[in-house]
Amino acid sequence: MKSISLIPETGSIAKTLTTTLLTFGLLGSNIILHAQPFTLGQMTSCYQYYVPMSDTTYLATDVCMPILSSDWVVQDLTFQGVPLNPLTIAKQGQQIFWFPEQSNPWQLPAVLTRTPYGKYKLHSQHQLVTIMGYMSVIQDVRGRYKSGGVYLPMYSDNWDKTPYVPSGWYHPLDLTGGDANKHQDGYETILYIADSLQWHYIDTFNYPEYMKISNGKIAMVGPSALGNTQFMAAATKPTPYLRALMPIVASTEQWIMGNMNGMFREGLINSWLGKAFVDYQWTVGPADVKDTIHTLNDFPAPYNISPVAVWQKAVDFWAVDNNVHEPWSFARAVIDVSKAPISPDSSRYEYLDLPIYNVNGWWDIYNYAQLQAWLLTRKHSDTARFFQKLIIGPWAHHTIGKTTTGDMTYPENVYDPLGPDFTSDNPNIPRLLGAEPMQWFRQWLGTPHFVLLPNPEWQLATTYLGQNIYVMVPADTYSIAYHEFINFLNGVGPLDSLPIRIKGAELLGYDSNTIYYIDISPTGNSVFGDTLGIVLDSNQVNFDERAPDGIPAGRFYIAGPDDNSGGNWWLVADTFPPPYITNYKLYLHPNDSAFLVPPKDSATLVFYTDPKNPIYTIGGPNLRIRVPDSSRRSQGQMLMNDPQWEHLTYHSDTTLPNGDVYKRMLVFTTPPITDSVTIIGFPTVEFWAGGFPVDNVLTDSFDMDFIVRIIDVYPDGREYYVFEGAVNGRAREYARLFAEDHPFADTAKYSNLAANRLYHFKFRTFPIGYTFGSGHRIKVVITGSNHPLYQSNPHVPLESGEFFRVSPSQMDTATYIFRGTPVKARPAVQYIHIDPGMPASITLPALGTPTIPDPYISSVQQTRQDQDNIFVFVKDGYIFLNTLNSNGIWQLYSVDGALLQSLNILPGTKTVIRCPTSSLLMWKLITDRQIEQSGKVICR
């Protein structure tokens, strides 16, 4: 096989593998063969194609195949103590995997990744994909690195936008005046791979000399922006070729990621687009919107004067232009699948009716958005309804699959779904090849066989007793199961029945026309460097959630403290929140406390917010935000009362020039929890609040934000971030409707606030699964800023549909014109009013009943609410039953209806039983009041 019209990539691709030792019997004695040291790169051949788009722009695309890039030679041979010559068992250019069940076994499935960050950075992915037996395709998106065109972030990767935008409207950085509205680069790339990507085969196997490489099966994979391109390509139009996706920390919904509850995610949007434009190595030259010379002149004036100017306009596109900050903006249809329907009666999510394996974390930037994508694809899927998967672990954007995020290290059961090698820089490849994510591709792309083609050359092996002895190896097509070949390479499996022919040994009884078969024993040496002796089997994971052993739809890690007081286990559910949660309100009290009962007293609690000196972000769903000393990323569960930054972000007061002292935040804390409290879902914040600006300009019209952070206070005094929610005052009506799942929430208009007037706020926080341990306390912290996660609110009124984008360093000079009056950023006094008739609360979606002492009755009088429910979950091979207030009989059945176990249940008890089998089981509870509940658990 040869390549044609291909441009080879330069440079080595892989890490060196250890020497393989092969031993087999030949000529009545032993010949010991040491394979020449080789790399995964030498088992892979890579070429660069330029894939044409419909507007004749070419996108640079690496295509790597499991084709030897050098001869496979064995050397250091001995026979009867005599050194032998090296033998070639496979020639350069030979494909080493095939699919013999296909009409053309040489055509390959493809795994596609589209990236704005440089395809050259993903060479290790090529190696992994090709050792799986697939074609690896990685493409620079339009306008990046070696691809032609102009980079408009996530704009050219999706559907034709002309039906969704006003006539004559186009991206502000589009020099063509609207041609980019028609770009569908991801979709067109898929069609090209399937229909037009060709390879030049030597006409040996009675196949056409020029042949399509693809067998018509394509999957996509990648994190973050590389995941977004998957959703966008799939949502453009359905194809018979795209079989599955694996988006990691990505979503179909981009607007809510940057604008949840009206809060502009400054630290996310600014840093991501800033790196894309400011850090890029622009070249110098005239404008040409299709070539691969990427110059600032490809963008329209006045944005082409510097990378910073382009960056700032790109941020404006996400925050300012076309009313995009508000939920009703038409511009959402160019980035959100939900806002770009196929027709008035059908959703573009119907195009996403294909298997999707989502991976995310509670503290990822896309945690809410990808969760929404999963729920919507499950809602609209038909044929792929039971193959929509979601895993949410205790992770942030940069820590997927790892045990440590932020300042917390979780138990190793974090690895359970993905395996410990999923995101490792030095993976154990045999273990990784058997892991669930790799099995996902096996499910939809198939499993190849290893193949060696006949090598017709007689190779001089040695001269024995004056006679030249030649070997032909292999003497016939040699094919074995994929897992057998991997086990052989790993030194733990044999290579049976390798066909050879021998010439020159006729006097020893060998016929040169006869094929002999050699059994090669396991070598004990791994070419992958595996020291664990992992044996790969042929078993295939069943991803159909309906099957008894099927992978469930959703798996959610219930994170918890590091003191073994609760949490840190996986919960299985087919929706979110799980149907068996109960909502409890945690009420804020005037004395800085919090309880499960509303307050009996009234108070107005005041704090001060200075937009020039905002509260600094510590912990949470961040991208590139770092702690104040820049020592590490500020992601996930950070230690909030770390003395290095507590004075900057936490429990600090401020003194005004007139000597007045104000709190910068309100803090409410529960008493120690009697038993652990587990929550999973969307907590909701509700209160009545007001405020006023601290100046004499437009005092009757302004804006403000409220940020609510939930902290876990340990018995030893440590305080760790758990989750948060935030709301912009102008977006209060939208936030309330959104929290209530109102179908017309996105039509709500933002409106300014009047000074010294109480407003009703109700808003949804980020989703979370967490256990507050026994003896811990829940702390609620309310502030008016959390920067740079969110833009620091300048507290100025805005015209309808507009947004004033400004940073703290600009607030002394930046001016906004409101109804003809110039206004600059100013501090604000904010307050929350707490009253028995207008309580402030946080609704906690709880498993079971929270046990927080009541401030108004003694501990002896504490009672649980009279409800008939039971919480059932599986952990470490045991079934846990938490019951509330009814006697009853709990029964466990197999899927065929056989009764496996029956237990008498008492109210308020916890029962633990060992899983009787490893499969899907059904349970039923019949209470003493004849109220029946049922459900299912998956024991494993």
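**Exercise 1. The surroundings of a helix**

Which helices do the buried residues of α5 pack against? Work this out on the predicted model shown above, and decide how far α5 is enclosed.

*Solution.* Start with the span of the helix: α5 covers residues 266-278. Next, pick out its buried positions, taking buried to mean under 20% relative accessible area. They are Glu-266, Gly-267, Leu-268, Ile-269, Asn-270, Trp-272, Leu-273, Gly-274, Ala-276 and Phe-277. Now see where these residues make their packing: the partners are α4 (255-259) and α6 (307-319). Finally, draw the conclusion: 10 of the 13 residues of α5 are buried, so the helix is largely enclosed by the rest of the structure.

**Exercise 2. The largest pocket**

Describe the largest pocket by its volume, its lining elements and the character of its lining residues.

*Solution.* First comes the volume, which is about 1,600 Å³. Then look towards the centre: 48 residues line this pocket, and the closest to its centre are Leu-122, Gln-125, Pro-223, Leu-226 and Thr-423. Moving on to secondary structure, two or more lining residues come from each of β10 (108-115), α1 (123-131), β14 (214-223), α5, α8 (429-433) and α9 (436-445). The top contributor to the lining is α1, with five residues. To finish, sort the lining by chemistry: 26 residues are nonpolar, 12 are polar and 10 are charged.

**Exercise 3. The chain as a whole**

How does the radius of gyration of the chain fit that of a compact globule with 940 residues? Add what you can about contacts and surface.

*Solution.* Take the expected value first: for 940 residues, a compact globule would have a radius of gyration near 30 Å. The chain has 32 Å, which agrees with that expectation. For the outer dimensions, the C-alpha atoms fill a box of roughly 110 × 80 × 55 Å along the principal axes. Next, count the secondary structure: the chain holds 12 helices and 51 strands. Burial is the following step, and 61% of the 940 residues are buried. Then turn to contacts with a separation of 6 or more: 70% of them involve residues 24 or more positions apart. Last, the chain exposes about 34,600 Å², of which carbon and sulfur atoms supply 51%.

**Exercise 4. Three residues, one by one**

Are Leu-108, Asn-228 and Met-211 buried or exposed? Place each in its element, and look at contacts or distances too.

*Solution.* Begin with Leu-108, which lies in strand β10. Its relative accessibility is 0%, so Leu-108 counts as buried. Leaving aside residues up to four places away in sequence, Leu-108 touches Met-65, Pro-66, Gln-95, Phe-97, Phe-99, Gly-133, Met-135, Ile-213, Ser-214 and Asn-215. As for Trp-98, it sits 10 residues from Leu-108 in sequence, with 7.4 Å between their C-alpha atoms.

Continue with Asn-228, found in helix α3 (residues 225-236). Here the relative accessibility is 2%, so Asn-228 counts as buried. With residues up to four places away again left out, Asn-228 touches Met-154, Ala-250, Ser-251, Gln-254 and Tyr-366.

End with Met-211 in strand β13 (residues 210-212). A relative accessible area of 4% makes Met-211 buried. For a distance check, compare Met-211 with Met-260: the two are 49 residues apart in sequence and 49 Å apart in space, C-alpha to C-alpha.

Conventions:
Residues numbered from 1 in each chain as written. Predicted model: local features only at pLDDT ≥ 70, side-chain atom pairs only at ≥ 80, totals over all residues. Heavy atoms only, no water. Buried < 20%, exposed > 50% of the residue type's maximum accessible area, 1.4 Å probe, protein only. Helix = DSSP H or I, 4+ residues; strand = E, 2+ residues; numbered from the N terminus. Contact = heavy atoms within 4.5 Å. 1 Å grid on protein atoms, 1.4 Å probe; cavity = no way out; pocket = protein on both sides within 12 Å on 5 of 7 lines; lining within 4 Å. Points joined across faces, edges and corners; volume = space filled by probe spheres on them. Nonpolar A, V, L, I, M, F, W, Y, C, P; charged D, E, K, R; others polar. Rg over C-alpha atoms; globule rule 2.2 N^0.38 Å. Areas by Shrake-Rupley, 256 points an atom, 1.4 Å probe, with all protein chains shown as cover.
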